[in-house]
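Subject: Structure for your files

Hello,

Here is the structure I said I would pass on. Please look it over alongside the notes underneath.

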Amino acid sequence: GNTSSGNGGGIEVQIGRVFVTESLVSQNSASRGAGLYAARGIITVERSIFSGNDALDGGGIYGERRARLTVTDSEVVGNTSLDAAGGMLGRITASGTTISGNVAARGGGVFGGVGTMRLTNCTISGNQATTGGGVDHPGSGSPIVLASTTIAENSASFGGGVGQDVG
């Protein structure tokens, strides 16, 4: 894997349009977005795997408010974060994606509030966190919209499936 003392251990996008297709982004480390970090731009991820990445925030995928990410038919599995989002954080539209086996303090699978996150026909399972094993929302900011999505077998001290931070 790759290591960054800043953002984006595997892939860093500062601006622009980027496509990640049929790719494996694995075993990277960074402060934010060990697998993929996007500051702004339009990022499309299709049929790809983000696994075994380790960050302070956003182990698998981290998108800032000005980045728009679409994740389709992909896997975000086995990533870790010391704070928020073992799997994914940001303004993300995902479909047909599995978010599984990720670990974080807040939001083992996904962490919201940075921008509207929409998950359709996704599976969020086997993730672990202190708050929000599968999904965590900070209690303010943009919503997380879940449609036809399975949330199962996640674990946390507060909100095994879905949790909400206070303050």
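The notes below cover the cores, an aromatic pair and a surface patch.

This is a predicted model, with local features needing pLDDT of at least 70 and side-chain atom pairs counted only at pLDDT 80 or more, while totals for chains, interfaces and linings use all residues. Residues are numbered from 1 along each chain as its sequence is written, and side-chain values use heavy atoms, without hydrogens and water.

The largest nonpolar core (buried Ala, Val, Leu, Ile, Met, Phe, Trp, Tyr and Cys joined through side-chain atoms within 4.5 Å; buried is under 20% relative accessible area, exposed over 50%, partly exposed in between, with a 1.4 Å probe and protein chains only) has 24 residues. L36, I43, I61, L69, M88, I92 and L119 touch the most other members. Strands (DSSP runs of E, at least two residues) β5, β8, β12 (92-95) and β15 (117-120) each supply at least two of its residues. Apart from it lies another core, of eight residues, including Y62 and F111.

The whole structure has one aromatic pair (ring centres within 6.5 Å). The rings of Y37 and Y62 have centres 5.7 Å apart and planes at 25 degrees, so they are stacked (under 30 degrees; over 60 is edge-to-face, the rest tilted). Y37 lies in β5 (residues 36-46) and Y62 in β8 (residues 61-72), 25 residues apart. Y37 is buried at 5%, and Y62 is buried at 8%.

I151, in strand β20 (residues 150-152), is partly exposed at 30% relative accessibility.

Regards

Technical notes: Helices (H or I, at least four residues) and strands (E, at least two) are DSSP runs, numbered from the N terminus. Rings of Phe, Tyr and Trp (its six-membered ring) pair if their centres lie within 6.5 Å; planes under 30 degrees apart count as stacked, over 60 as edge-to-face and the rest as tilted.
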